[in-house]
Amino acid sequence: TIAPRHDTPLEAGGGLYNMLTEIPKMTLKKMEVDTKAPGNPIKQDEKKGKARLYHGPIFWNYGCLPQTWEDPNHKGDEDVGGAFGDDDPVDVVEIGAASLEMGSFTPVKVLGCLSMIDDGELDWKVVAIAATDPMADELNDIDDVEAKMPGTLSGIREWFRWYKTPDDKPINAFGHGEEALNAAKAVEVIAETNKHYLDLINGKAEAGKLWLK
């Protein structure tokens, strides 16, 4: 038995990162790492005691990066309106062809990121592709995604902008003028949130209700 968020390394070697899949593509269940429960298992999120379902399928694999943390005490810069972190691992949207198994780890190539603002909190969405995907060799940065898979980035942005509105919640916003940022910026975000995670583990940051090993 392992605690995937803590026991799996962030880096997979060769410039790749380990992505933990929470929600396989084309599914409806809102699954996520329970950061407060012992072991941090993947569980279905609940709203008012009822298991949450998306109102339409998510078109990509969705998960997170182990050993990262968006520190709720860290204030973002003016590009994100000074939003603080959302207290979760960094999210990953994997755009490959295969449906990844829930709970599996997949080495992914990071291509870029979006700075989503969800209920006033900074919630980075890293865009990546599985290293084994047939398109992986053709995609190395965010401009390649637009060129080789047109519509993918706008699809991700609009899906995450609107997906909560059927529950009478406001639309989500995006920092950086809604621009999809490049791979170098995404790697920078990952490094920063890994540092925040290490500070958390080493007692340099307040854990609150988070479960730590």
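**Notebook: Thr 193, two cores, some salt bridges**

I started at Thr 193 and, leaving aside its neighbours within four places in sequence, found Thr 193 in contact with Gln 67, Thr 68, Trp 69, Glu 70 and Val 90 (contact means heavy atoms within 4.5 Å). Before going on, a note to self: this is a predicted model, where local features need pLDDT of at least 70, side-chain atom pairs count only at pLDDT 80 or more, and totals for chains, interfaces and linings use all residues. Residues are numbered from 1 along each chain as its sequence is written, and side-chain values use heavy atoms, with hydrogens and water left out.

Back to Thr 193, which sits in helix 4 (residues 183-201); helices here are DSSP runs of H or I with at least four residues, strands are runs of E with at least two, and both are numbered from the N terminus. Buried or exposed, I asked of Thr 193? Thr 193 counts as buried, at 3% relative accessibility (buried is under 20% relative accessible area, exposed over 50%, partly exposed in between, with a 1.4 Å probe and protein chains only). A polar atom of the Thr 193 side chain lies 3.1 Å from the backbone oxygen of Ile 190.

Ile 190 took me to a core of 21 residues, which also includes Val 92, Val 110 and Ala 128. A nonpolar core is a set of buried Ala, Val, Leu, Ile, Met, Phe, Trp, Tyr and Cys residues joined through side-chain atoms within 4.5 Å.

Next I looked up the largest nonpolar core, separate from that one. It has 25 residues, and Ile 58, Trp 60, Ile 95, Ile 156, Trp 159 and Phe 160 touch the most other members. Strand 10 (105-118), strand 11 (121-130), helix 2 (142-148) and helix 3 (152-162) each give two or more residues to this core. Helix 3 gives the most, with four. I also checked Trp 60: not counting residues up to four places away in sequence, its partners include Ile 23, Pro 24, Val 93, Ile 95, Ile 156 and Trp 159.

Then charges. I have twelve salt bridges in the structure (a side-chain nitrogen of Lys or Arg within 4 Å of a carboxyl oxygen of Asp or Glu). Asp 91 and Lys 125 meet in one, at 2.8 Å, N to O. Asp 91 lies in strand 9 (residues 91-94) and Lys 125 in strand 11, so this pair ties together parts that are 34 residues apart in sequence. Lys 125 also meets Asp 123, at 3.1 Å, which links Asp 91, Asp 123 and Lys 125 in a network of salt bridges. Asp 91 and Lys 125 are buried, and Asp 123 is buried too.

Last entry: Lys 30 bridges to Glu 32, with the closest N and O atoms 3.0 Å apart. Lys 30 is buried at 8%, whereas Glu 32 is partly exposed at 26%.

Methods:
A polar contact is a pair of N or O atoms within 3.5 Å; within protein, one must be able to donate a hydrogen and the other to accept it, and residues adjacent in sequence count only if both atoms are side-chain atoms.
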